[in-house]
Every structure is written in structure tokens, then in C-alpha cells.
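Trainee: Before we begin, may I ask how the terms used for this structure are justified?
Mentor: Certainly; let us take the terms in turn.

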Protein chains: 2
Amino acid sequence: MILKKDAENSFEAVSKGQPKPRLTAGQQSLLDTLQHQPQPLSAQALYGVMRRQQPIGLATIYRALETLKLLGLVQHRVTLTGETLYSAVEHDHHYLTCLQCGVSVPLETCPVQELAAQLQGTSSFRIYYHTLEFFGVCEGCEG
Amino acid sequence: MILKKDAENSFEAVSKGQPKPRLTAGQQSLLDTLQHQPQPLSAQALYGVMRRQQPIGLATIYRALETLKLLGLVQHRVTLTGETLYSAVEHDHHYLTCLQCGVSVPLETCPVQELAAQLQGTSSFRIYYHTLEFFGVCEGCEG
DNA sequence: TTGCAATATGATAATGATTATCATTCCAAT
DNA sequence: ATTGGAATGATAATCATTATCATATTGCAA
């Protein structure tokens, strides 16, 4: 999925004849915040970041993330410790994670785009994003 | 990674000159149970299943799953509701999940094997398994 | 075989991220 | 301006997972 970078309302970029919900100020604000992060963030971390700018409740963060996820604007992945990390849907960010120490190394390549496109045609799903993660043991832990 | 199906001790199949820990009775039992499941199961579900055969504590299930994961014998994935599902590492099981209703459709193809092999060489990781998941909205929910 | 040390197990309490609740506030359309 | 519905905040509740700790089991050496 391709996302125009500086679209007024980012939703435009992915809506394809869908009903067009407007983002609330809070949701837009969260999306902006997320788009300026170099790393995926947990809801709690976002809470900390955003609260420095404006008063906002934790529950609102969770709800906004859920909404944005449903709109295909935000994607998630789950760490080994069970926290969910969120990021704006822009590029692919895939990881190689050590099951032992938990360190995650971002990957460059993503061979999944083609399959995604193919699935889009084959299945009856409208595909928003995907996760691809490798798990193993890193050199340091390989003892 | 290829796993001989009826190996005495399944660990043999993936150990490649590693220190060779023996599985405890409980761990082996859990692995057997998992290998006979057609679907990935949560720890709690495994607790329910295994308890019908023999007395076993929930904490033991979690510990055994962790151990087997570190040995490369068991893999995990996390559902939208936050529960972790475990399965024996045998085949690839990838999914297409609806963000709205949560339904998961298993996929057939897996284009990741080559990349995995490549990564094995490039990175300093010993790769055990990977997850590949697509998220979107299914036809029914596409309102 | 006996005894010791290390590891595994069970039961249960504690943790912590996420959700549900509910009263209040904001918005859009009448 | 008024009203109905959605959004928000604060907080309590939920629930999978972890930590704790006492007990049981195993591996190993004498």
C-alpha cells in the first residue's frame, strides 16, 4: 500500500471509495506524532510523549490506535514481552529478534509485497499491512 | 528448518552441534501434545488439554513453552486479542486476519524460506522460525 | 545405593498491559 | 440554540503472563 507523504488528511491516501470518516483532533495528533517517530512505540510510550504536548488520556490513546489501525493508517507488532508497538503505515519494518535477550534487528528487504498484491486479488480481504518477523538466537547469546 | 517427524527425541532434529539438553517428561509431553494439534493453541488451552491426561500446573506449561521455544522446537504468534498461540515447528502456518472481526484465514504459500536462508548466512543469528501475517478487513466486515 | 546440589514443578500471588465503565465534553446537524 | 451521538478522561476491572516459594524430582559423585 502506498501512502502519499504530505497529504492533508493522510486517510485520503488509502481510502478507495470507502466511507470517509474524519479523524478527530486527538486521532490526527496521534497519527502525526507516530509519523514523526523513527521507531515503533508502545501505547504507554505514546502516552508519555503526547502528554508533554497536550493533556490526553491513556484510554484515548488506545482507542485512537485501534481506530487508526482499522483505517489502515497504523500498524502493530507485538514484542516478546507482550507489549504492542505501533507505527504509521509507511514503509515496511521487519525484524530479526533474539528469543534469548530480546534484541531486535531491523531488516532491509521485504519479499512479501508481491505476495500481498497477489493475496489482495485472490482473497476477499482488503489488505492493510503485514508483519514479518524472524526469531532465533543472536551471536552473543549463542552460548 | 526441517524436523524429522518420528524422531525419538525431537530435539535431535534441530540440534546442530549444540549442547544437548534432555527434555523433561513434562516438556516432552507438551511437545507431543502440540505436535498432535491441527491448530496452534494458547497456553491456557494447552493447560486444559493436557490436564485431561495428567496433572500439570499452568506455570509449568508456560515454562515448558518458553524452553521449547528457545530450543527451536516450538513457535509462537500473537492474536489480535493479545493471547499467544503456540505450535510445534514443522510447517509454515501463516495467516490473513481481519482487524474488525478477528477471523484468521490460514495461507498456503510462504515466500519467506529463501529470505530466511539468506538471512541465516548474512546475519549472525541462528534463525529458528518466522511469522508472517497479513492484516486487513474481510469481505463481511467491509461495510 | 546414598546424599547432595541443581533443576523442575505446583499453587498462588503479583504484575502490567489492555479494556470496560461511566460521567462529562465536544461536534455536527437540525 | 438544542439535541443526539460520538469522543474523552479518570479509573476500576480483566486477564494472560510472571514471579515467588515451598516441595518434589533428577543427575551425579562418592
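Trainee: Which atoms of DNA strand D and Tyr62(B) make this pair a polar contact?
Mentor: The model is a predicted one. In it, a phosphate oxygen of DNA strand D is 2.5 Å from an N or O atom in the side chain of Tyr62(B). A polar contact requires a pair of N or O atoms within 3.5 Å, so this pair qualifies.

Trainee: What makes Gly57(A) a polar contact of DNA strand D, and which part of the residue takes part?
Mentor: For Gly57(A), a backbone N or O atom lies 2.9 Å from a phosphate oxygen of DNA strand D. The limit is 3.5 Å, so this too is a polar contact. With Thr24(A), a polar side-chain atom lies 3.0 Å from a phosphate oxygen of the strand.

Trainee: How many residues surround DNA strand D?
Mentor: There are 14, and Thr60(A) and Thr84(B) are among the closest. Of the strand's atoms that come within 4 Å of the protein, sugar and phosphate account for 62%.

Trainee: Why are β6(A) and β6(B) said to pair?
Mentor: Pairing needs at least two bridges, and these strands have 11, so they pair, in the antiparallel sense. Within this arrangement, Ile127(A) stands opposite Gly136(B).

Trainee: How many salt bridges and how many residue pairs in polar contact are counted between chain A and chain B?
Mentor: The salt-bridge count is zero, while 10 residue pairs are in polar contact. On the side of chain A that touches chain B, β6(A) gives the most, with 12 residues.

Technical notes:
Residues are numbered from 1 along each chain as its sequence is written. Chains are lettered from A and ligands numbered from 1 in the order in which they are written. This is a predicted model: local features need pLDDT of at least 70, side-chain atom pairs count only at pLDDT 80 or more; totals for chains, interfaces and linings use all residues. Side-chain values use heavy atoms; hydrogens and water are left out. A residue is near a molecule or strand if one of its heavy atoms lies within 4 Å of it. A polar contact is a pair of N or O atoms within 3.5 Å; within protein, one must be able to donate a hydrogen and the other to accept it, and residues adjacent in sequence count only if both atoms are side-chain atoms. A salt bridge is a side-chain nitrogen of Lys or Arg within 4 Å of a carboxyl oxygen of Asp or Glu. Helices (H or I, at least four residues) and strands (E, at least two) are DSSP runs, numbered from the N terminus.
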